[in-house]
Amino acid sequence: MSRSADTVLVLTHTADHYVIERVAEALARRGVDTARFDTDLFPLEARLSTRIDGAGSEHRLRSGPLELDARRVRAVWARRIWTPRLPEDLEPRIRDGCLRETRAALRGWLTALADVRWVNPLDAGTAAEDKPRQLRLARELGLSVPRTLVTNDPEAVRAFREEVGPLVTKMLTPLSQSMGKAELFVRTSAVRDEDLADLSGLALAPMVFQERIRKQRELRVACVGNRCFAGALDASRSAAGQVDWRAARPDEVRWEHAELDADLAARLARLVSALGLAYGAADLIETPSGETVFLELNPGGEWGMLERDLGLPIGAALAEELLRP
């Protein structure tokens, strides 16, 4: 497939705003067009076509006013690939089949772009969501990590609690969809004595249990290539935010500038690279004694609040990363 590439394709969804505009503006300043594809509109409102014959292949996308030939794409920002919208009254067996076919068609269409720049490559982004793998790599790279247990065994949880002391629990996979709150969101939560008494829910789904680290500040670090942009929240200002800053009221905490130690920034950049990514949002805790503890890295983690509230040029950095050879 020959190319006349002049466009960055952005994969996202209809509820995603602000960051898309920041990156699009940065690309426009560099003379590059942006094509936004809200993936939740496919297949009901967006149209994808893949044609293959003896002369080669052709791949086209139509969504609202957008008409895109894949040969125009020079890079892809895989910001979000969302669940397709389908009629609510579809019977479950038909719905499952439609979802499988829709996802397969989209992935097949995207394989035509395998030779362009991706932030992040789809397979690497999926593999990087493996939280135990992240922690193993982070530890190998010299980052401090909390003692962690992933299990569906209630007795293992109780024994872990006896060994390490107070615990928090969270899910293995993220559910948030943008800078705002998702309809379904499970925050990091403290494990109470009554929780330990009834862990029957683990029979339905394993969960992550970690030692509860005393925190002074929580850090969100947007890692773009070798560059790290950090913001901090003072966790001491909110009782609710001591476990998860997203539980704090807006008037209790605000984003502040944070300076990262050069060695810590280098280790985070190496972690992003080791995961095969060009971008990742790292969450860390700064303890009252000044130690910094790595919690996790989200390949599609949110960064808009750091640019909006602190003026950090993350959108421009992502634009530069997308335009790298």
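In the predicted model, the count of cavities with a volume of 30 Å³ or more comes to 3. The largest cavity has a volume of about 70 Å³, and its lining draws on several separate parts of the numbering, with Trp-77, Ala-78, Arg-79 and Arg-80 joined by Val-119 and Asn-120, by Tyr-279, and by Pro-299, Gly-300, Gly-301 and Trp-303. Two tryptophans, Trp-77 and Trp-303, are thus found among the residues that line the largest cavity, together with the tyrosine Tyr-279.

With regard to aromatic side chains, the structure holds 0 aromatic pairs. A contact between a charge and a ring is nevertheless present, in that Arg-22 lies over the face of Tyr-18, at 4.6 Å from the ring centre.

Turning to the secondary structure, an open sheet is formed by 4 strands, which follow one another in the order β8-β11-β9-β10 and are paired in an antiparallel manner. The edges of this sheet are occupied by β8, which spans residues 148-151, and by β10, which spans residues 189-190, each of these strands pairing on one side only. Within the sheet, strand β9 (residues 167-170) runs antiparallel to strand β11 (residues 207-211), to which it is joined by 4 bridges; for Leu-167, the bridge partner in β11 is Glu-211. Helix α5, comprising residues 154-164, lies across three of these strands, namely β8, β9 and β11, and runs at about 175° to the edge strand β8.

Terms used. Residues are numbered from 1 along each chain as its sequence is written. This is a predicted model: local features need pLDDT of at least 70, side-chain atom pairs count only at pLDDT 80 or more; totals for chains, interfaces and linings use all residues. Side-chain values use heavy atoms; hydrogens and water are left out. Two strands pair if DSSP finds at least two bridges between them. Helices (H or I, at least four residues) and strands (E, at least two) are DSSP runs, numbered from the N terminus. Contact means heavy atoms within 4.5 Å. Axes are lines fitted to C-alpha atoms, for helices over the stretch in contact, and angles run from 0 to 180 degrees between N-to-C directions. Rings of Phe, Tyr and Trp (its six-membered ring) pair if their centres lie within 6.5 Å; planes under 30 degrees apart count as stacked, over 60 as edge-to-face and the rest as tilted. A charge sits over a ring if NZ of Lys or CZ of Arg is within 6 Å of the ring centre and within 35 degrees of the ring normal. On a 1 Å grid over the protein atoms alone, a cavity is a set of points where a 1.4 Å probe fits but cannot get out, and a pocket is an open set with protein on both sides within 12 Å along at least five of seven lines; lining residues have an atom within 4 Å of a point. Grid points are joined across faces, edges and corners, and a volume is the space filled by probe spheres set on the points.
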